[in-house]
Amino acid sequence: MFVVVALRWVDERAEVDPLSGRVRTSDRSAGASAADAAALELGLRLAGSTGGRCAAVSLAPAGADELLRGALASGTDEVLRVEPAGEPDPRAADSGAGTAVALAAAVRERFGAPDLVLTGDHSPDRGTGATPALLAAEFGCAQALGLVSLDTEPAADGRLRALRRLDRGRRERLAVPLPAVCSVEAAGVRPRTAALPAVLAARSAEVPVVAARAAPDPPPLTAAHGYRPRAKELPAPAGADPLRRLRELTGAGQRSDPPRVVVTDDPAEAADELLAFLRAEGYLDG
Amino acid sequence: MSDRGAGPSTAAVPIPRPQRYDFDAIVVGAGPAGSAAALELARAGRSVALLERGPFPGSKNVYGGVVYGRVLDGLIPGWQQEMPVQRWVTRRQTMVLSGARSLTVDFRNENWGRAPHNGATTHRAEFDPWLAEHAQRAGAVLVPSTVVVALLRTADGAVHGVRTDRPDGDLTARVVLACDGVNSFLAKQAGLLGGDQASHTTLGVKETLALPRGVIDERFGVTGSGGVDVEMLGCTGKVPGGGFLYTNAESVSIGLVLGLRGLARAKVRPEHLLAELKRHPSIAPLVRGGELVEYSAHLIPEGGYRTMPPLIADGLLLAGDAAGMCLAAGIWLEGVNFALGSGMCAGRAAATALATGDTSAAGLAGYRSALRSSFVLADHERLRDAPGLVLSERMQQRYPGLLCDFAESVFAVDNPRPKPGFRALLRRAAKRNGVRMRDLAKDALTGLRTFG
Ligand SMILES: Cc1cc2nc3c(=O)[nH]c(=O)nc-3n(C[C@H](O)[C@H](O)[C@H](O)COP(=O)(O)OP(=O)(O)OC[C@H]3O[C@@H](n4cnc5c(N)ncnc54)[C@H](O)[C@@H]3O)c2cc1C
């Protein structure tokens, strides 16, 4: 059986700027999520039990080479990094469609058609869990998503046995025909620790890179605004004085230290700081 | 496949003398001591593995926040331009707290904001990887997410490698440098770290509180990349210890250092003591509104020179906190500079021993003499009585009150009564805090001998 495991390179310890809402990530703390690591482990076990092959792929910039070297050390036969085509529009919602198109094309070109594609159930960064389904559409194969367990030896009929979580604690047993795309949860799978000689050997391994095939143009984005949660209902503030009630509701007059852009008293410097912030945020482009 | 232990084992693993070695040297722990040692070894053309249990260097490490980096002059020329600095320390304070009062010695030097600089606040998750990257660029092989669980020793007791928690995880080398921090399992396994560790180890607890840059600038009276380093005494209740408060670019680090035995005896929780410190009228305005972004805790070796283990065995060197080389003495809380200095010396000594082909304790003896002629052992030796003095009952429980009483009576104006002289005020303050003038004079003399 030829298994491809798609790993998303994410920083689960990302920081969010309180003022601009910008997310700051670091290559150092980035890696595979627990669900992706579980997918890799299951991929390796399936390939091992069927005498097949396992490859790991990631649509990510060069920082992800370490992640793929780690997969090599753990026992994958091949790895492939797909270099993203340009920066995504940070305002646009990520449906996963572009990722699925790029990964499927790169996998097909490099390895041919896989019997099984495994992924984590959803990525911790903006993940909707839709990418595996879109991958299944790209490959034109079966899909079984959000699995809590997956047998690592195919049944006599060649199908995979899987268990899926349903609402209200129910479970669904599935017999998954191949080829298929399966996404798994992290639960119950303990990823292996790579052997030391393999880790040392993987350190100098070359990670092959291909450019992502550009996804079909998304619909043009004319406007975008931040996610607005529904207003929270609060009990009315107590007290007879309307002004007091209003103050309590709005927090007016309370001491607080909101995030600030301008930190100087000098008007010229303040103007420079403000302009620099607006420029950095892209408000003064064009 | 070798046995895999869940954690460090207590005994070294016996092995026959290896026919060939995987590396010339193995450095355990990619903290400042380990990376400095690996960098020196790699520069000397030696093959060196740098093993780190965390997913990346610095990911597991906790400290207060200030690095006194001049020791880097000899390791990374031009480090000032490339080190990941939060703020340069341009203001140092020693604060004594008693009840709701405080007395502060405040020193400011804007020159410290320029090269050659004095100290800098930096995050370990940025500083340690930066240093390890230098070691890697020089040729060291960094192996993260790998715990060393045992030493490999031949029948004659010489160390020839380590066992890790990975499958097939044995790695051999002619010399092992234990830079694995305060609770060094390797030093213990080698029989070098014995005795009553708990009585000369403290627990450091720290909170990182996010505050806007401008707010920090205003509250601490600094501008640009200037920052503040505050060391505190009298802020740990009945537990011997001290406190610190450092400014980063957009956060402050506040923490306590607490003697383990005293903490156990007092039956208080460290986070409660820290919460109390944050409520102190001298500290509360500095940290108000700070959003808690991190809470961490770690042990600190505080015994100093007198409790340092032997630093050398056959095929083994200890450096940094593993060798007890942290200087924690009231107005000082330094460890990274000592770790860097000792790591450099250890790396150089190991490289020399490898070149001569003698990695026995005798062949590695150059390490001790190098440490002696550097600040590392010289400072520790000179300040060998400092830990005892600073953690003594009088210093911890009585002197903060005495100093605050004295300052209060000096600064209070209670006309129409005539002003008493300083000596009378001091005597009064001493009496009120149960300190005999004889003991005060004795401690002053010890202090002078120790620090003078
Ligand atoms: C709360 C607190 C505040 C402090 N404040 C300051 C300060 O402001 N300034 C200052 O200079 N010093 C400070 N120190 C002291 C300073 O942190 C240490 O002295 C310094 O980090 C020692 O460096 P090191 O390289 O010897 O050890 P460490 O920095 O502890 O590094 C040891 C490394 O070894 C790794 N390791 C441990 N065991 C193993 C193993 N078995 N296998 C593989 N890897 C292993 C660890 O993950 C770690 O990366 C503070 C300490 C604490 C706890």
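# Close-up views of a predicted model

**View 1. Composition of the shell around the ligand.** By class, the residues that form the shell around the ligand divide into 17 nonpolar, eleven polar and seven charged. The structure shown here and in the views that follow is a predicted model. Of the 35 residues around the ligand, those that come nearest are B:Glu52, B:Gly64, B:Val66, B:Arg124 and B:Asp321. Four elements of chain B each supply at least two residues of this shell, namely helix H1 (32–43), strand E16 (291–301), strand E20 (332–334) and helix H9 (336–356). The largest share, three residues, comes from E16(B).

**View 2. Backbone contacts to oxygen atoms of the ligand.** A polar backbone atom of B:Gly335 lies 2.8 Å from an oxygen atom of the ligand, and a backbone N or O atom of B:Val336 is likewise placed 2.8 Å from an oxygen atom of the ligand. For B:Gly65, the distance from a polar backbone atom to an oxygen atom of the ligand is 3.2 Å. The ligand taken alone exposes 1,000 Å², of which the protein buries 97%.

**View 3. Strand E15 of chain B and the strands that pair with it.** Strand E15 of chain B, residues 251–259, is mostly covered, with nine of its nine residues buried. In a regular strand the side chains alternate between the two faces of the sheet. In E15(B) both faces are covered, since B:Ser251, B:Ser253, B:Gly255, B:Val257 and B:Gly259 on one side are all buried, as are B:Val252, B:Ile254, B:Leu256 and B:Leu258 on the other. Strand E12 of chain B, residues 201–210, runs antiparallel to E15(B) and is joined to it by nine bridges, and within this pairing B:Leu203 has B:Leu258 as its bridge partner. Strand E14 of chain B, residues 241–247, also pairs with E15(B) in the antiparallel sense, over seven bridges, and here the bridge partner of B:Thr247 is B:Val252. The connection from E14(B) to E15(B) is a hairpin through three residues.

**View 4. Cis peptide bonds before proline in chains A and B.** In chain A, the peptide bond that joins A:Leu178 and A:Pro179 is cis, with omega about -5°, and A:Pro179 lies in the loop between strand E11 (171–176) and strand E12 (180–184) of that chain. In chain B, the bond from B:Ala115 to B:Pro116 is cis with omega near 10°, and B:Pro116 belongs to the loop between strand E6 (101–108) and strand E7 (119–121).

**View 5. Residues of chain B with positive phi.** B:His117, a residue other than glycine, has a positive phi near 65° and is located in the loop between E6 and E7 of chain B. With a relative accessible area of 11%, B:His117 is buried. B:Ser145, again a residue other than glycine, has a positive phi near 50° and is found in the loop between strand E8 (141–143) and strand E9 (148–153) of chain B. At 36% relative accessibility, B:Ser145 counts as partly exposed.

**View 6. The annotated C-terminal span of chain B.** An unreviewed UniProt entry carries the annotation "domain: FixC-like C-terminal", which covers residues 393–450 of chain B. In the predicted model this span is 76% helix and 0% strand, and the C-alpha atoms at its ends lie 17 Å apart.

Key: Residues numbered from 1 in each chain as written. Chains lettered and ligands numbered in written order. Predicted model: local features only at pLDDT ≥ 70, side-chain atom pairs only at ≥ 80, totals over all residues. Heavy atoms only, no water. UniProt positions renumbered as here; feature names shortened; annotations may be inferred. Near = heavy atom within 4 Å. Polar contact = N/O pair within 3.5 Å; in protein donor to acceptor, adjacent residues only side chain to side chain. Areas by Shrake-Rupley, 256 points an atom, 1.4 Å probe, with all protein chains shown as cover. Nonpolar A, V, L, I, M, F, W, Y, C, P; charged D, E, K, R; others polar. Buried < 20%, exposed > 50% of the residue type's maximum accessible area, 1.4 Å probe, protein only. Pairing = 2+ DSSP bridges.
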